[in-house]
Amino acid sequence: MPTDQAELNSDQVLRRDIPWETYMTTKLITGTALQLLRRYDKKSENERAPLLENDGASYIRVFINILRDIQKEDTVEYVLALIDEMLTANPKRAKLFHDKSLEDEDIYEPFMRLLGKGSWFIQEKSSKILTLVVRSNKNGSIANGEGSKKKGTSSDDVLKGLVDWLCTQLKKPSHPNRSIPSAINCLATLLKEPVVRSAFVQADGVKLLVPLISPASTQQSIQLLYETCLCVWLLSYYEPAIEYLATSRALPRLLEVVKGSTKEKVVRLIVLTFKNLLAKGTFGAQMVDIGLPQVVQSLKAQAWSDEDLLDALNHLDEGLKDNIKKLSSFDKYKQEVLLGHLDWSPMHKDPNFWRENITRFEENDFQTLRVLLTILETSSDPRALAVACFDLSQFIQYHPAGRVIVTDLKAKERVMKLMNHENAEVTKNALLCIQRLFLGAKYASFLQV
């Protein structure tokens, strides 16, 4: 795409002089349209406001007719910039497109046609205008699929066509910098409609959002992140979308963002999304697994001003605690290890716990065992160090290849350092662990615990 077309902005376009008189002479616009345009064109918002207040539908008719009848790209861009300017100044003006006097006009068709052709400026403005206009069609009953009773393209057809175009922009951007922010901006508005959520899921759109959930640095990327999170939050109310979210990397990505974000509006949306998903399917267990309880504790300790956010954090905290209670004994143990909160709960010294769950330590490439070793190296809590040493000795005793695995993971050096610890409980359990490591399972069972 040529640079001048790709980087075109409204200010540049609106500086153009359009030959309205010539268009009237060649009968591309009517005399009435020319009069209306002379009153409106190149005027300030203060001068235009009363014109739109008194006769807005007539101006909409003129704009739609020009977009339908005149092919010249400069003029099409100019009219789209005029409409965009009008709606940006007051988004409620989108209702003018649904005025009864326009029932004989196919108000959507020109914009839908322009979506797939012309400069990026034309496509971006058309998608933005369509989004506002179709969303304002409350009387057209978008949600129940009736569409408006107007002639021509139905609002449901528009929404489906628009969703397809937006998904295409997310998959294969027409513009290197603008396509994705523009598409997400439109979706953040449109996904409030049930019919759009359905079309978006059918277009396999949910997976296109997930890569965009990542920590942001610039103002532009923060806005994109916020609007992406808004889309995910809106989808968290829709069951078919929730199924997609459950099988994607959405949860860990949202967690990473919320851990590092200082933007309250972003944190709020993510916490509200977690709150919505908590009771659905296996989300509760997943949230416990990725360490959300610890993050929620950290977020609760911060000074937030938003009441909804504080309520959602409390709700999430209680819900996660309930989930932990429902988990199996190994899930509880794993959660204790992942959070680094080791204490002498009964399972540590229960031979049945170790016999029944020893093979579960192999999950995710011995993840739980590796975290246990990290605790040995990084924790300053004597109780956690003592329990970690003891658990390691239990693993050596109960796992058939326990000594080999622990040796391969370089645990011996870490435990030996703790044999000189100032805390007697730590040194006692470090010694027990080293004895089991050297003596092997055959003799280890005779050692005193």
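Which residues does T273 touch, not counting residues up to four places away in sequence? Keep that question in mind while you look at the whole protein, and remember throughout that this is a predicted model.

**The whole chain.** Show everything as a cartoon, and you will find 27 helices and 0 strands in the protein. Turn the model slowly, and note that its C-alpha atoms fill a box of roughly 105 × 40 × 40 Å, taken along the principal axes. The protein has a radius of gyration of 31 Å, whereas a compact globule of 449 residues would have one near 22 Å. If you now switch on the surface, you are looking at about 21500 Å² of accessible area, of which 50% belongs to carbon and sulfur atoms. Buried residues, for their part, make up 50% of the 449 residues. Among contacts between residues at least 6 apart in sequence, 69% join residues that are at least 24 apart.

**Helix α6.** Select residues 73-89, which form a helix of 17 residues. From its first C-alpha to its last, α6 reaches 24 Å, close to the 24 Å expected at 1.5 Å a residue. This helix is mostly covered, since 12 of its 17 residues are buried. Colour some of the buried positions to see this for yourself, including V76, Y78, L80, I83 and L87; the charged-letter positions E77 and D84 are also among the buried residues of α6.

**Helix α11 and Q202.** Move on to residues 194-202, the helix α11, in which Q202 lies. Is Q202 buried or exposed? Q202 is exposed, because its relative accessible area is 65%, and the cut-off for exposed is over 50%. Add K160 to your selection as well: although Q202 and K160 are 42 residues apart along the chain, their C-alpha atoms are separated by 9.9 Å.

**Helix α16 and T273.** Now select residues 264-277, the helix α16, and find T273 within it. T273 counts as buried because its relative accessible area is 1%, and buried means under 20%. Here the opening question can be answered: leaving aside residues up to four places away in sequence, T273 touches C229, V232, W233, S236 and L254.

**The annotated domain.** Finish with residues 326-438, where an unreviewed UniProt entry places the feature "domain: ATPase V1 complex subunit H C-terminal". The end C-alpha atoms of this span lie 38 Å apart, and the span is 73% helix and 0% strand.

Definitions and conventions
Residues numbered from 1 in each chain as written. Predicted model: local features only at pLDDT ≥ 70, side-chain atom pairs only at ≥ 80, totals over all residues. Heavy atoms only, no water. Helix = DSSP H or I, 4+ residues; strand = E, 2+ residues; numbered from the N terminus. Expected span 1.5 Å × (residues − 1). Buried < 20%, exposed > 50% of the residue type's maximum accessible area, 1.4 Å probe, protein only. Contact = heavy atoms within 4.5 Å. UniProt positions renumbered as here; feature names shortened; annotations may be inferred. Rg over C-alpha atoms; globule rule 2.2 N^0.38 Å. Areas by Shrake-Rupley, 256 points an atom, 1.4 Å probe, with all protein chains shown as cover.
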